[in-house]
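Here is a model to read through by question and answer. Look at it first, then go on.

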Amino acid sequence: MHVLEFTLSILTVAGAWRPLSCTSLVKNVIYNAYTILLSTAVFMFTTTQFMYLIFNANNADEVTETLYVALLGLIGNFKIITINLNHQSFAAMLDNLSEKPFKPMEQNETIIRAKFDKMIKTNAIVYLTLIVLTDIYMTSTSLLMDFRRRDLTFKAWFPFDYSVSVIYYFLYIHQMISVTLCGFLNVASDCFFSGLLLHICCQIEILEYRLSRIANNQAKLRECVLHHYRIFEFADMLNDKLVIVIGSQFIGACLVVCCLLLRLTISTSSFMYIETVMCTGCALIAIFYYCWFGNEVRLKSIQLSENIYKMEWPDFNNDVKKCFLIIMNRATSLPIKFTSAHIVPLNLESFVVVLKTSYSVFNLMRPTQEEK
């Protein structure tokens, strides 16, 4: 099984990962055109919404109702473009996971890899299912309510009259397809990045297993020290690629959650309330994945030192002890940490900060809502 096989399939559908079958020039051109088409559709969708915020939005209700969808589309498109621009770097990282020292060398190591692969796939399925259910619910309620009144599902600005039947149908279908793409782009990119984070945890666990069986094998010991160094190198490369993505995700998540909380206060029907709750869940799970798995990487990195200490290291010779000390010192003094814009650490505390910040902004804006 290839590394992140299921996640890469989602990325391929999202237009961010050229399939291996695209070996000819014609297939590459077709897939590139497909990628541009998806990105353009989402870009036009978010542009018309931001234009509405500039020219037509007259109150906080209209701003919150429009802003959260526009931000989701903007962030999703940005993450997919980031993956496309750094395709070679990410492909090289995936290739590294299939080569020594990352490649499983025996059955128990293969079992460890399979355990994490299953975890990555399960997380992707859960996230994708939540997005699909939310999209189905939004589409169903829109067809029952907005379509009957000949209203667009999402407020948008157009420099022409769209009351004509043909134009209205085209714009309505474009909005429904685009909002589906927004959710799908976010699922694809978030599952890809979180999958790479989990593979770092997988490599640390494999390293722990190798260290537990090292005895006095000097050759294997050198390989373990090199493996530990390569894990840190891999994490640094990934952190450099994600620093801007995670920063935009944190800022966007705060604004989106804030808008959705405000939307809950103005919900006039049970349909709108349920839709807002489902969208809030999707927004929270996105940032939660980053924080949870970033926190797991850090804990795994620190725990490696503790697990080495629990070994029968007094029975080893001095060379083995020195190598153990090198690994333990690196694990404790410089644990693997992912950060947002090199400032905010990627852990559960940061997730709580996002929730508190969103709620604080919500409390600041709520008096304005009540006055109206």
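**Rings, core and a long-range pair**

Ring pairs link Trp-17, Phe-90, Phe-192, Phe-193 and Tyr-290 into a cluster. Rings of Phe, Tyr and Trp (its six-membered ring) pair if their centres lie within 6.5 Å; planes under 30 degrees apart count as stacked, over 60 as edge-to-face and the rest as tilted. This is a predicted model: local features need pLDDT of at least 70, side-chain atom pairs count only at pLDDT 80 or more, and totals for chains, interfaces and linings use all residues. Residues are numbered from 1 along each chain as its sequence is written, and side-chain values use heavy atoms, with hydrogens and water left out.

Q: How many aromatic pairs are there?
A: The ring-centre rule decides what counts as a pair. By this rule the count comes to 20.

Q: What kind of aromatic pair do Phe-55 and Trp-157 form?
A: Their centres are 5.3 Å apart. The planes meet at 35°, and the pair is tilted.

Q: Which helix gives the most to the largest nonpolar core?
A: A nonpolar core is a set of buried (under 20% relative accessible area, 1.4 Å probe, protein chains only) Ala, Val, Leu, Ile, Met, Phe, Trp, Tyr and Cys residues joined through side-chain atoms within 4.5 Å. The largest has 98 residues, of which Phe-192, Ile-200 and Leu-211 touch the most other members. With 20 residues, the top contributor is helix H6 (residues 165–212).

Q: Over the face of which residue does Arg-330 lie?
A: A charge counts if NZ of Lys or CZ of Arg is within 6 Å of the ring centre and within 35 degrees of the ring normal. Arg-330 is at 5.8 Å from the ring centre of Phe-232.

Methods
Buried means under 20% relative accessible area, exposed over 50%, partly exposed in between (1.4 Å probe, protein chains only). Helices (H or I, at least four residues) and strands (E, at least two) are DSSP runs, numbered from the N terminus.
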